[in-house]
Amino acid sequence: MSEEQAIWLNDPEIKKLYLKRVEDLNPVQKNVLDTALKKHKDPAQILQIISIANRLNPEQMEAMLHDHDTAGPLLIFAGAGSGKTTALTYRIIYLILTGVNPQNILALTFTVKAAEEMRSRIRKFFHLIKDKMPEDRFSFLEVQISKMWVGTFHSICLKMLKDETVEENGRIIINCDRLGLPVGFGILENPYSILKVCFESEFAGDPNIKYDTVASKIEHWKNELMAINTIRDKASREEKKFIPVYEKYQNTLKQKGLIDFNDMIMLVVELFEKCPEILFRYRRRFKYVLVDEYQDTNYAQYKFCKYIVGDSKNYFVVGDDDQSIYEWRGADIRNILFFEQDYPGCKTIKLVKNYRSTANIIYAANEVFKSVKPKHLVKQIEPVKKKADGSEERGDTITLYTAEDDTDEINFIVFEMNELKTKFCDLKWNDFAVLYRSHEQSKIVKRIFEERKIPYIVYNPYFWQRKEIQDVCSYLHVLKFYLNWRSGNLSGQRLELAGFAVNNHIRRLYYLPPLSFSSIENEVMSHIFDPYKLFTEDRVLESMLNRLDGTKSRDNFLMLIEIFSDIASVSSSSSISLAVEDILTRAGYMDIYTKNINPTAQDRESARCLAALKEEAADFERTRGVGLSLIEQIDSFLDSASIRSSPTEQAGLKSSDDAVNLMSLHAAKGLEFGTVFFIGLEEGIIPMQHFSAEKLSKKEKQKRLDEERRLFYVGITRAKERLYLTCATRRSWYGKQKMFEQSRFLKCIPKELLEKGSFRTRLSDKIKHFVVSFFK
């Protein structure tokens, strides 16, 4: 671009940033930058764009400025630690800066955590530049970003099922109603409770057919969008035996007005096929579609994307085939590998600069696939970290420790952690992570850590399924209904639909404080066909109060209404965190677990989870609540809670407490830690020896081995500064002592990158260490 063509280069500040940016761009990247800048006339906007471009590396910048009109859909292969979230986030920021309404953007992720982090980064950026834009523009964007559809596949599909359309005759139709689902449908968070009964009705006396086999096959059928007739045509003779269980399970869900998580995407795809006008409405709305972790999409998610994108070129996906680790739940790595066939003429960019790890860890990671993948598919990630003098930061050598048994293995970890904390005074316990392939390995870690007084926290994937969390969510459902009614948002058909949806949550409150009805009183309440009318019709409330036995019960119900009424009175200044606080304190729910003279361990854990829920509400408020009414905050928070209780919500959370993080490899994906202890690197553990392996074809065995290798890669690339790899020659495995050999994956790491751990040989140091620890 000549200076005559680029009139904006007359601005000294812009020119300085432009010349700095183009220093390390190749001709293609420079052309992308020049083309993007040519589209804008406003110097202030050009300055914002060139300023962002200088924050990114050349490949990230090229992705951010990608022009779909001329270059088509974009596929980004993003190596571990390469800043893919940064590229994805700045792409959305760039779209908004150039005039795209956030409501026209659909961003799909695989975890609620990833979605909220992306939204938080976008909000933070616009807060930093709010002084450089008109106040009304900033206020508009702040609200629109809070409402932007950024979420998991399941959360987006749940929104679509609950979405409504007003017909020409004024009739309201909710999407789920078009599919024969009740408007107040519930989400079955744990299929076991229903599916096990269906399984037992068919196979109770058959020891050769296992529940897990049938459950896995039903999940597979749903992920593959297979209808019953298709299953009958394509299933093997053995699989056809499972069809009656599937049919009974689906019929039971229908009778109870429930769907499971796998139904969400399947139902929305069915909606698109059955009601093309709904699909076209979403296509018109979502002009830009972005997908994170594309390598983990299954067929249902792939099909959903194909429908939403249609013929549009505005498709932006990010993934890493080396980190595809969810094949067991239907993820199909072919979706990313065959993207270029699905979208001919698409552009591909590779992000290979690693900002997370030291060079030694990166060089080890690069060796994992070198001998097993075709050369043209191998990505060599590059270290970025530098020393103060500008030379490469090689970092510590990777430590490999072969333990006598699993006790020796964990004692070595305790010793090394204490040594590091002594050497580096600023290290905290939560800078350490212990990663494992199977939760079975965590048992001995927890036992020894407790003996050695090492604080730890285990990622709990079932937090959102806990009874006390579900109880508070029921309070919030009823509160949302009450607020909507008090605000005049509900009348006629809307009131009936909302009332039907909240009835079961009201019934749940009968058993909770401040109500805590007796069995006799619950029998009385069971005769109220539509409990929502207790809040909307005085005659129904009065009739119920007269039938209750005792003044206390009547007063307790009036107290619940008073709490909701007080929240409604200040709803314009209230928030989700204050609402949760009111429920826990004024309604007396927290007292269940904190007022016992001799609290049990379960009481203490429940109280801790409720405190964590208050923190979750406060975090949600900060990232999502800006510009939203209390009703909108509660609605979004409840949808988020439903999705986070999903078994597909795999990612863990790094502890904010000062405690060592213990988690599986699947939970650790997407996280990073200063020091990682990767334990149990033995044949039969990683790669895992599955019980059904002998029944698998050679091709299926190879697919499983490939995924185990990718899990190994994910494990070692979580480490930022130090990586310890440990294995044991003998360990307790599901209650039995077994001998193990080193994992074959360790052989791919060059010896010059490894040093042997010497804990066992430093016996005097070991004795001294534990004596000192004992008398602390």
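Here is a walk through this structure, from the whole chain down to one helix pair.

First, keep in mind that you're looking at a predicted model. The chain holds 36 helices alongside 21 strands. Stretched along its principal axes, the C-alpha trace covers about 80 × 75 × 60 Å. How does the radius of gyration fit with a compact globule? For 776 residues, such a globule would come out near 28 Å, and the chain has 28 Å, so the two agree.

The inside of the chain tells its own story. Of the 776 residues, 55% are buried. Now take the contacts whose separation is 6 or more: 77% of them link residues 24 or more positions apart.

Let's zoom in on one pair of helices. Helix 12 runs over residues 211-223, and helix 15 over residues 243-256. Their axes lie 10 Å apart and the helices pack at an angle of about 70 degrees. Because angles of 65 to 115 degrees count as roughly perpendicular, that is the label helix 12 gets relative to helix 15. As for handedness, the crossing of helix 12 with helix 15 is right-handed.

Which residues do the meeting here? On the helix 12 side, you'll find Val-214, Ile-218, Trp-221 and Lys-222. Facing them from helix 15 are Ile-243, Val-245, Tyr-246, Tyr-249, Gln-250 and Leu-253. Sort the residues of this contact by character and you get eight nonpolar, one polar and one charged. With Tyr and Trp counted as nonpolar, the polar one is Gln-250 and the charged one is Lys-222.

How values were computed:
Residues numbered from 1 in each chain as written. Predicted model: local features only at pLDDT ≥ 70, side-chain atom pairs only at ≥ 80, totals over all residues. Heavy atoms only, no water. Axes fitted to C-alpha atoms, helices over the stretch in contact; angles between N-to-C directions. Helix = DSSP H or I, 4+ residues; strand = E, 2+ residues; numbered from the N terminus. Parallel < 35°, antiparallel > 145°, perpendicular 65-115°, else oblique. Left-handed = near helix turned anticlockwise from the far one by under 90°. Contact = heavy atoms within 4.5 Å. Rg over C-alpha atoms; globule rule 2.2 N^0.38 Å. Buried < 20%, exposed > 50% of the residue type's maximum accessible area, 1.4 Å probe, protein only.
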